[in-house]
Amino acid sequence: MTRGLAVALVPVAWFRVSRGARHAACQWALALRFPAEDLAGLTGATRAAFEAARAEALWRHGELIGLTSGYRHPLEQARLFAAAVADDGSVAAACRRVLPPYASRHVAGTALDVRPREGAAWLERHGGRHGLYRTYDNEWWHFEYRPDGCPVRLPHPGLAAPTTHACVIDR
């Protein structure tokens, strides 16, 4: 349905922007599909990479990718981290799922939590073309913009030692 809406919006987008009409129509359709998304605060390059990746996913493969969480203010990240410490009983345990503000790429505006799972799977396979990589084994939804190349994937956010490569070969 979202792809059909994007197709229907292409003529309107062409009159508004002409160059990049398909991209604009896709972003409008996805904004209607995921109205609570907030792309504000992402770095310009991160936002551009995410928008390009999800436009490709929708137009080429009919796959939806929505944003659950992107940029987080340091105080919001601190609140999430404090709640995780309280729930998990220690800083080390909390770091397996939430990082403190100084270590979080959400605070830097370069991390994306996406949905649905099928969209995340598409992004894991194809996101490298846009500099977007899944960086933690325990978080299928978490991707980071890394234009310098494929990072080493970690088992969880609090681990500093590399284990496996984050890249998936695109076939």
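**Exercise 1. Determine at what angle the axes of helix H2 and H3 cross, and which residues make the contact.**

In this predicted model, local features need pLDDT of at least 70 and side-chain atom pairs count only at pLDDT 80 or more, whereas totals for chains, interfaces and linings use all residues. Residues are numbered from 1 along each chain as its sequence is written, and side-chain values use heavy atoms, with hydrogens and water left out.

Step 1. The axes of H2 (residues 21–33) and H3 come within 10 Å and cross at roughly 90 degrees; axes are lines fitted to C-alpha atoms, for helices over the stretch in contact, and angles run from 0 to 180 degrees between N-to-C directions. Helices (H or I, at least four residues) and strands (E, at least two) are DSSP runs, numbered from the N terminus.

Step 2. H2 is therefore roughly perpendicular to H3, a class that covers 65 to 115 degrees, with angles under 35 counted as roughly parallel, over 145 as roughly antiparallel and the rest as oblique.

Step 3. From H2 the contact (heavy atoms within 4.5 Å) takes in Arg22, His23, Cys26, Gln27 and Leu30, and from H3 it takes in Glu51, Ala52, Arg54, Ala55, Leu58 and Trp59.

**Exercise 2. Describe how H3 packs against H7.**

Step 1. H3 (residues 44–61) and H7 (residues 117–126) pack at an angle of about 105 degrees, with their axes 11 Å apart, which means that H3 is roughly perpendicular to H7.

Step 2. Ala53, Glu56, Ala57 and His61 of H3 meet Trp122, Leu123 and His126 of H7 in this contact.

**Exercise 3. Work out the strand order of the open sheet, and where H3 stands relative to the sheet.**

Step 1. The 4 strands follow the order E1-E2-E4-E3 with antiparallel pairing, where two strands pair if DSSP finds at least two bridges between them.

Step 2. E1 (66–69) and E3 (132–134) each have a single partner strand and stand at the edges, so one side of each is left without a neighbour in the sheet. The twist averages 45 degrees from one strand to the next.

Step 3. H3 packs on the sheet, touching E1, E2, E3 and E4, and its direction makes about 140 degrees with that of E1.

**Exercise 4. Assess the pLDDT of the chain and of residues 161–171.**

Step 1. The chain averages a pLDDT (the predictor's confidence in each residue, from 0 to 100) of 87, and 87% of the residues score at least 70.

Step 2. Over residues 161–171 pLDDT stays under 50, and the model has 27 contacts beyond four places in sequence for them. Where pLDDT is low, the predicted coordinates should not be read in detail.
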